Amino acid sequence: MSFEKLNLIEPIVSVLKEEGYERPTPIQSQAIPLILEKKDILGCAQTGTGKTAAFALPILQLLCMERDNLRLTRTIKSLILTPTRELAIQIGESFTTYGKNIPLRNGVIFGGVPQKRQTDKLQSGIDILIATPGRLLDLMNQKYVDLSHIKIFVLDEADRMLDMGFIPSVKKIIAAT
């Protein structure tokens, strides 16, 4: 099976070809069609199997195809919540790569660093936010983040997040979407 057979749009398929992706992995071929149909999914696969692309590619496509993306004011339409800064950075890089031919902006926020660069990015307007729970809640409390326009929500590494004690934080974040 090819990525074209997954009904991905040309701007995404062309990036995948540039990046050397030839065929979707099992998690990608199973998840992408369901997400494009706007169905909720729970995916589980080992590290290195392309889980990030399995949710990033259809998110980029769904948001790209919505008319309101042409507005001058950008709002956060997709939130990817992940337990660590390393994962957040990695996911942000993937969205930047996969979405380079699409007029969407993403931003990454995580703790342990000064927040100014992150708040500047938020204030300039983004469509996709990749965040760790602690910094996200902090910036929500400071009114830098509005989750009321969220259409797509991903809990990446949900089992790990729960093991790390993020259940109360995740519940607060879900309540704000």
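The following legends describe an overall view and several close-up views of a predicted model. Residues are numbered from 1 along each chain as its sequence is written, and side-chain values use heavy atoms, with hydrogens and water left out. Because the model is predicted, local features need pLDDT of at least 70 and side-chain atom pairs count only at pLDDT 80 or more, while totals for chains, interfaces and linings use all residues.

**Figure 1. Overall view of the protein, which has 8 helices and 4 strands.** Helices (H or I, at least four residues) and strands (E, at least two) are DSSP runs, numbered from the N terminus. From that terminus on, the elements follow the order α-α-α-β-α-β-α-β-α-β-α-α. The C-alpha trace spans about 45 × 40 × 25 Å along its principal axes. For 177 residues a compact globule would have a radius of gyration near 16 Å, and the protein agrees, with 16 Å. This radius is taken over C-alpha atoms, and the globule rule is 2.2 Å times the number of residues to the power 0.38. Buried residues make up 47% of the 177 residues. Buried means under 20% relative accessible area, exposed over 50%, and partly exposed in between (1.4 Å probe, protein chains only).

**Figure 2. Close-up of strand S3 (residues 128-131) and its pairing with S1 and S2.** Two strands pair if DSSP finds at least two bridges between them. Strand S1 (residues 78-81) pairs with S3 in the parallel sense over 4 bridges, and Leu 79 stands opposite Leu 129 in S3. S2 and S3 also run parallel and are joined by 4 bridges. Asn 106 has Ile 128 of S3 as its bridge partner, and Ile 109 stands opposite Ala 131 in S3. Both faces of S3 are covered, with Ile 128 and Ile 130 buried on one side and Leu 129 and Ala 131 buried on the other. S2, H5 and S3 make a right-handed β-α-β unit. A crossover is right-handed if, with the strands pointing away from the viewer, the path from the first strand over the helix to the second runs clockwise.

**Figure 3. Close-up of the largest pocket, with a volume of about 950 Å³.** Of the 27 residues that line this pocket, Ile 41, Leu 42, Gly 43, Val 154 and Leu 155 are the closest to its centre. On a 1 Å grid over the protein atoms alone, a pocket is an open set of points where a 1.4 Å probe fits, with protein on both sides within 12 Å along at least five of seven lines; lining residues have an atom within 4 Å of a point. Grid points are joined across faces, edges and corners, and a volume is the space filled by probe spheres set on the points. Helix H2 (26-36), helix H3 (51-64), strand S4 (152-155) and helix H7 (158-163) each supply at least two lining residues. H3 gives the most, with 5 residues. The lining has 16 nonpolar, 2 polar and 9 charged residues. Ala, Val, Leu, Ile, Met, Phe, Trp, Tyr, Cys and Pro count as nonpolar, Asp, Glu, Lys and Arg as charged, and the others, Gly among them, as polar.

**Figure 4. Close-up of the second largest pocket, with a volume of about 400 Å³.** This pocket is lined by 21 residues, of which Asn 106, Gly 107, Val 108, Arg 117 and Lys 121 lie nearest its centre. Helix H4 (85-98), strand S2 (106-109) and helix H5 (116-124) are the elements that give two or more residues to the lining. H4 gives the most, with 5 residues. By class, the lining has 9 nonpolar, 6 polar and 6 charged residues.

**Figure 5. Close-up of two loop lysines with positive phi, Lys 38 and Lys 143.** Most residues other than glycine have a negative phi. Lys 38 lies in the loop between H2 and H3 and has a positive phi of about 65°. Lys 38 counts as exposed, at 63% relative accessibility. Lys 143 is placed in the loop between helix H6 (133-141) and S4, with a positive phi of about 70°. Lys 143 also counts as exposed, at 72% relative accessibility.

**Figure 6. Close-up of Phe 153 in strand S4 and Leu 16 in helix H1 (residues 10-18).** Phe 153 is partly exposed, with a relative accessible area of 29%. The C-alpha atoms of Phe 153 and Pro 58 are separated by 12 Å, and the two residues are 95 residues apart along the chain. Leu 16 counts as buried, at 2% relative accessibility. Leu 16 and Pro 168 are 152 residues apart in sequence and 37 Å apart in space, C-alpha to C-alpha.
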